[in-house]
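Reader: Got a minute to go through this one with me? Let's have it up on screen first.

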There are 2 protein chains.
Amino acid sequence: MITAFENYLRQETSLSDADIHQISSLAIRRKLRRNEFLFREGEVCRHKVFVISGLLRIFGMTPDGGEHILQFSPETTWTIDAESYDRQTPSIYNIDAVEPSELLLWTKADFDSLLTRIPQLKKFAEQLISGNTYSGRRRLLTALSATPEQKYEDFVQTFPRLLSRLPLRMIAGYLGISLKTLNRVRQAQLLRS
Amino acid sequence: MITAFENYLRQETSLSDADIHQISSLAIRRKLRRNEFLFREGEVCRHKVFVISGLLRIFGMTPDGGEHILQFSPETTWTIDAESYDRQTPSIYNIDAVEPSELLLWTKADFDSLLTRIPQLKKFAEQLISGNTYSGRRRLLTALSATPEQKYEDFVQTFPRLLSRLPLRMIAGYLGISLKTLNRVRQAQLLRS
DNA sequence: CGGTCTCTTGACGGAGTTCAAAGCTAGTGG
DNA sequence: CCACTAGCTTTGAACTCCGTCAAGAGACCG
């Protein structure tokens, strides 16, 4: 469990074993069942979250119950509502588990102290945040300009691994199209091949 | 011109006059005419940009010539393709001037050295970047979930000052709807009041 | 003063949404 | 481990709303 996280750090960073140990020693373990919420809109996001196994999603809800998904977080990725976490203000998003998941959590206080003590960790964290910002921007452009076909094609290219793990209605909720349209697109794609 | 920038820094930060002077002494002045490009997709974004006066936009182009606008930058704001700037890779976006504009530019080398020399500037820059990321995320949610009416209403609330300065086709390009639909929405809104 | 860009409007076509029903799958609980 | 059920997928029909095409009037700039 924890070793999965430590291996991840060894692979992705050049942190020392001592540092890695220090980081994971402050982690809180947590499991989520399928469909269980990590937190709901209105609450404050109090933890950094690393997904060891499983799959989370962060999404917003419309008054009529529609779910619009901003991001999926499969194993060996981080997730969080950065805005709520940084400012400690109520979040407008929800996070729940698409699959049964194992998580590591850090309180903001703990993680902040790690960031000051381990500059290399800070640099790594900043890289991750930047990458997230960039892909968010690309995604906004796609949302504004692409047809449903292009959106789906884009999704398949970007997340081939997730395709089989997600209910179609979530893919639709991620792409911002209706389930019906998603089916049409997939139908058309089958005929082409 | 430059004083406008220095006043901005005095107001928004607690930087010393010496620091402020150091920052502005490395700035390059630049003017853009209406519709003039700051850079085009395929080029590398080599400068930090502060808008003293005027109005810029950053946008992506579709093969058929459609312009999809990611962000407007009026006076006393910063703009940039962060992804291209940070990694020094070709950008997929364009930046041009909606109005005649006066800019300050810093090369990446110069600005990086300022960031190391003036920690407070670094902190300020990080705040700006975060804020940008957060609003980008909120915007993605809107793009995915809102109706044209809601998108327009949202725009009016968020940028009341920009409304009269922008051609309608750019507002449409920002909201991801057609000019025709935008007109319909505005028509309906007139009738309601 | 000419020309380009902008805004507005109309008609039309079609793509996407909504509603509904049916069969199937997979997760749950006994 | 099996049976049941809730949820998922697929499909159809009808409709709505948005986009495309087109034309004309007006505003602004050079």
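Reader: Start with the DNA. Which element gives the most to the surface near DNA strand C?
Author: Helix 8 of chain B, with 4 residues. Keep in mind that this is a predicted model.

Reader: Which other elements supply at least two residues there?
Author: Helix 8 of chain A and helix 7 (168–175) of chain B do, alongside helix 8 of chain B.

Reader: And which residues come nearest to DNA strand C?
Author: A:Ser178, A:Lys180, A:Thr181, B:Pro167 and B:Leu168. They belong to a set of 14 residues around that strand.

Reader: How do the residues of that surface divide by type?
Author: Into 5 nonpolar, 5 polar and 4 charged.

Reader: Now DNA strand D. Which residues are closest?
Author: A:Pro167, A:Leu168, B:Ser178, B:Lys180 and B:Thr181. DNA strand D is surrounded by 14 residues.

Reader: Where does the largest share of that surface come from?
Author: From helix 8 of chain A, which provides 4 residues. Helix 7 (168–175) of chain A and helix 8 (179–192) of chain B also supply at least two residues each.

Reader: And how do the residues near DNA strand D divide?
Author: There are 5 nonpolar, 5 polar and 4 charged.

Reader: On to the two protein chains. What turn lays chain A on chain B?
Author: A turn of 180 degrees, with a shift of 0.0 Å along the axis. The RMSD is 0.1 Å. The two copies are thus related as by a two-fold rotation axis.

Reader: How many residues are in contact between them?
Author: 20 residues of chain A touch 20 residues of chain B.

Reader: Which elements of chain A supply at least two residues of that side?
Author: Strand 4 (67–74), helix 3 (82–87) and helix 5 (119–145). Helix 5 of chain A has the largest share, 11 residues.

Reader: What's the split by residue type on that side of chain A?
Author: 7 nonpolar, 9 polar and 4 charged.

Reader: Same surface or different surfaces on the two copies?
Author: The same surface. Of the interface residues of chain A, 100% are also interface residues in chain B, so the copies meet through the same surface.

Reader: Let's look inside chain A. How many helices and strands?
Author: 8 helices and 6 strands. From the N terminus the elements run α-α-β-β-β-β-β-α-β-α-α-α-α-α.

Reader: How is chain A divided into domains?
Author: Domain 1 covers 2–135 and domain 2 covers 146–193. Over C-alpha atoms, their centres are separated by 26 Å.

Reader: How many residues does each domain put into the contact?
Author: 10 residues come from domain 1 of chain A and 7 residues from domain 2 of chain A. On the domain 1 side, strand 3, strand 4 and strand 6 (94–107) each supply at least two residues. Strand 4 has the largest share there, 5 residues.

Reader: And the make-up of that domain 1 side?
Author: 6 nonpolar, 1 polar and 3 charged.

Reader: What about overall size? How does the radius of gyration of chain A sit against a compact globule?
Author: Chain A has 18 Å, and a compact globule of 193 residues would be near 16 Å, which agrees. Along the principal axes, the C-alpha atoms fill a box of roughly 55 × 35 × 30 Å.

Reader: What share of chain A counts as buried?
Author: 30% of the 193 residues. As for contacts between residues at least 6 apart in sequence, 69% join residues at least 24 apart.

Reader: Pick one residue for me. Is A:Ile52 buried or exposed?
Author: Buried, because A:Ile52 has 20 C-beta neighbours inside 10 Å, and the cut-off for buried is 20 or more. A:Ile52 is in strand 3 (residues 47–61) of chain A.

Reader: Last topic, backbone. What is phi of A:Gln88?
Author: Near 55 degrees, a positive value in a residue other than glycine. A:Gln88 lies in the loop between helix 3 and strand 6 of chain A.

Reader: Buried or exposed, A:Gln88?
Author: Exposed, with 10 other C-beta atoms within 10 Å; exposed takes 12 or fewer.

Reader: And what about phi of B:Gln88?
Author: Phi of B:Gln88 is also near 55 degrees. B:Gln88 sits in the loop between helix 3 (82–87) and strand 6 (94–107) of chain B. B:Gln88 counts as exposed, with 10 C-beta neighbours inside 10 Å.

Terms used. Residues numbered from 1 in each chain as written. Chains lettered and ligands numbered in written order. Predicted model: local features only at pLDDT ≥ 70, side-chain atom pairs only at ≥ 80, totals over all residues. Near = placed C-beta within 6 Å. Nonpolar A, V, L, I, M, F, W, Y, C, P; charged D, E, K, R; others polar. Least-squares fit on C-alpha atoms with pLDDT ≥ 70 in both. Domains from an automatic or database assignment. Rg over C-alpha atoms; globule rule 2.2 N^0.38 Å.
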